[in-house]
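Trainee: Could you take me through one part of this model slowly? I'd like a close look at the salt bridges, and at the helices and packing around them.

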Amino acid sequence: METVWLILLVWMIATYIVLDGFDLGVGVLHLLIARDRPEQKQILQSIAPVWDGNEVWLIAAGGTMMMAFPGFLSAMFSGFYLPLTMVVWLLIFRAISIELPHYLSDSLWIHFWNLMLFVASGLLIVILGAAMANIYRGVPLDANGSFFEPLWTNFRIGPPTGILDWYTILSGITSATFLLHHGALWLSAKTDGRVLQHSRQAATWLWWGSCSLTLVIYIASWFVQPLTRTAFSETPWKIILPVMAVLSLFASGYFRWSNKNMLAFLSSGLFIYLFIFTGAAAIYPNILPGLNPDHHLTIYNTSPGPEKLTTTLYWWIPGILLVGVYFTILFRSLPAVISAGSDDDH
């Protein structure tokens, strides 16, 4: 039962990153692609109906973590207190930056909040990547399952570790490239005119960057976390996950080249799912590795037990079905293409 809940939790986290990831990418790209205010409006209209709904998956993943692995949640919130506080503030600034300009007429304030959207979205992407790398790399857990890391130390992966080191920074850059590529493909699928043209150009460059960084991060991860070498040697079938991830990334490039923009976007989403599941499979059954192998947090020593997990599943299933219905209706209601000439500013 613990394995089932781990799969569900990783799926929910990946779903948040796939869905909120493309509008975070759009939040960065809207200043890089748009040439005037109408094009900025066109870009933001592509995410206006969905950006706040996409954040539901972050809340749902947090709730699932609390129910299934409370020990993991407790360690995360205490050890990553500063980054989590930064994430909350960035989410607030991002929401204000999207909504407030609709009620402003002063161009200076509009430009200021557009810049805040760019900064908040970009920092959220980088922090997400660095956080995932910290979990994968391992943290200095003590015998009680607690830890503390400063923001940085010597930027090396060995003790004393910091939240930022060369590996977590590399992961943050990789995350930014992946999600900017994902966002560019979304704009390619949902816009027209110059925004479509510039989005496709950006997606081309970002695809090459994603291919290069996928290779780099795979190699780095192999050496950074010894559990990976053990996992893939003892269960060779897990190699299917990174191989399928690479094939999905290639598929997104092929579909973009073939002008099948929505298929390219969906392939990019599948790539992100498989990339995240690869990391989870590499450290399984650990959920938060410790630098000391005796102090790993696993799906077994952080969960309330199989009986309670079974009962919780009965409540989780109808809840997630309602969320699924909501998102199906939401995305089906979106216009096929959003034009720069649209009168709707929200």
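Mentor: Let's start with the salt bridges and then move out to the packing. This is a predicted model, so local features need pLDDT of at least 70 and side-chain atom pairs count only at pLDDT 80 or more, while totals for chains, interfaces and linings use all residues. Residues are numbered from 1 along each chain as its sequence is written, and side-chain values use heavy atoms, with hydrogens and water left out.

A search of the whole structure turns up 7 salt bridges (a side-chain nitrogen of Lys or Arg within 4 Å of a carboxyl oxygen of Asp or Glu). One of them pairs Asp23 with Arg94, at 2.4 Å from N to O. Asp23 sits in helix α1 (residues 2-33) and Arg94 in helix α6 (residues 81-99), so this bridge ties together parts that are 71 residues apart in sequence. Helices here are DSSP runs of H or I with at least four residues, strands are runs of E with at least two, and both are numbered from the N terminus.

Now look at how covered that pair is. Asp23 has 1% relative accessibility and counts as buried, and Arg94, at 0%, is buried too. For the cut-offs, buried means under 20% relative accessible area, exposed means over 50%, and partly exposed is in between, using a 1.4 Å probe and protein chains only.

Arg94 also forms a salt bridge with Glu55, where the closest N and O atoms are 2.4 Å apart. That pair links distant parts of the chain, with Arg94 in α6 and Glu55 in the loop between α3 (51-54) and α4 (56-68), 39 residues apart. Glu55 is buried, as is Arg94. Put Asp20 into the picture and you have a network of salt bridges linking Asp20, Asp23, Glu55 and Arg94.

Arg194 and Asp36 make another salt bridge, at 3.2 Å from N to O. Since Arg194 lies in helix α9 (residues 193-224) and Asp36 in the loop between α1 and α2 (37-45), this one ties together parts 158 residues apart in sequence. Here Arg194 is partly exposed at 41% relative accessible area, and Asp36 is partly exposed at 31%.

Back to α1, this time for its packing against α2. The axes of α1 and α2 come within 9 Å and cross at roughly 160°; these axes are lines fitted to C-alpha atoms over the stretch in contact, with angles from 0 to 180 degrees between N-to-C directions. The two helices are therefore roughly antiparallel, a label for angles over 145 degrees, whereas under 35 is roughly parallel, 65 to 115 roughly perpendicular and the rest oblique. On the α1 side, Val26, His30, Leu31 and Ile33 make the contact, and on the α2 side Glu39, Gln40, Ile43 and Leu44 do (contact means heavy atoms within 4.5 Å).

Finally, the nonpolar core, a set of buried Ala, Val, Leu, Ile, Met, Phe, Trp, Tyr and Cys residues joined through side-chain atoms within 4.5 Å. The largest one has 85 residues, and those touching the most other members are Trp5, Trp57, Phe69, Phe72, Trp186, Ile287 and Leu288. Helix α1 supplies the largest share of this core, 17 residues. Leaving aside residues up to four places away in sequence, Trp186 touches Phe22, Val26, Ser46, Ile47, Phe265, Phe331 and Leu334.
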